[in-house]
Amino acid sequence: MNHPRIIVTGTDTGIGKTVFAAALTGALSGHYWKPVQAGLDDDGSGDADTVARLAGVPRAQILSEAYRLTTPCSPHRAAEIDGVTIDCDALCPPAIDAPLVIEGAGGALVPVTRTTLYADLFGRWGLPVVLVARTELGTINHSLLSLEALRARRVPVLGIAFVGEGNEDSEATIAQIGQVKRLGRLPRLATLDAPTLTAAFAANFRIEDFHA
């Protein structure tokens, strides 16, 4: 069966990319994989644990990271601090017979090593990417730059998903100038848990758009 395998990247860090990835994982009843976790909470948890809490899928569908680094900074530097060498040639999406959501770190041009950016990896993998963007001031510039960077590496862009309060003009402008499909917008939720996130995704996105 041909299951969707989708990369989720962002225009910046802290914009809601992990929450969107959790929502998409749940909507697809899929598996989730973050290749490199850079930075852990005080209890040792990371983004995979957040997705496990919010996606509403069995914990077994949250796959282990290839690299789990302690320092909250770019993976290339976090690895150096931890004394770890990231082997980009060995970083390949898991071969599973099920839908798969892969989450990058921060933005598309975040360095994985000092010679390889996340967008470079995405280009090698050849999987469709969803670009997650905020709706606040500055998002037009960040979104269009990210789209150019991805396309320069021949990364197929499935569409753009917004997170935040609605900004119709900015969202429409990015879609038009960036020639990108506008997938929907995930609002900020007063209560963020699996049921509220599932409902918000269903109300604002068409799951068919992620099976293309």
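A residue is called buried when its relative accessible area is under 20%. The legends below use this term for a predicted model.

**View 1. The aromatic pair F122 and W125 in helix α4.** A search of the whole structure finds 9 aromatic pairs. The ring centres of F122 and W125 are 6.1 Å apart and their planes meet at 50°, so this pair is classed as tilted. Both residues belong to helix α4, which spans residues 118-125, and they are separated by 3 residues, about one turn of the helix. F122 has a relative accessible area of 1% and is therefore buried. W125 also counts as buried, because its relative accessibility is 15%, and the limit for this class is under 20%.

**View 2. The aromatic pair F201 and F210.** The centres of these two rings lie 5.7 Å apart, with an angle of 40° between the planes of F201 and F210, so the pair is tilted. F201 and F210 are both buried. The two residues are also part of one aromatic cluster, formed by F20, F201, F205 and F210.

**View 3. The surroundings of E65 in a loop.** E65 is located in the loop between α2 (47-55) and β4 (67-69). With a relative accessibility of 16%, E65 counts as buried. Its side chain makes a polar contact of 2.8 Å with the side chain of R68. When residues up to four places away in sequence are not counted, E65 touches W33, K34, P35, Q37 and A48.

Key
Residues are numbered from 1 along each chain as its sequence is written. This is a predicted model: local features need pLDDT of at least 70, side-chain atom pairs count only at pLDDT 80 or more; totals for chains, interfaces and linings use all residues. Side-chain values use heavy atoms; hydrogens and water are left out. Rings of Phe, Tyr and Trp (its six-membered ring) pair if their centres lie within 6.5 Å; planes under 30 degrees apart count as stacked, over 60 as edge-to-face and the rest as tilted. Helices (H or I, at least four residues) and strands (E, at least two) are DSSP runs, numbered from the N terminus. Buried means under 20% relative accessible area, exposed over 50%, partly exposed in between (1.4 Å probe, protein chains only). A polar contact is a pair of N or O atoms within 3.5 Å; within protein, one must be able to donate a hydrogen and the other to accept it, and residues adjacent in sequence count only if both atoms are side-chain atoms. Contact means heavy atoms within 4.5 Å.
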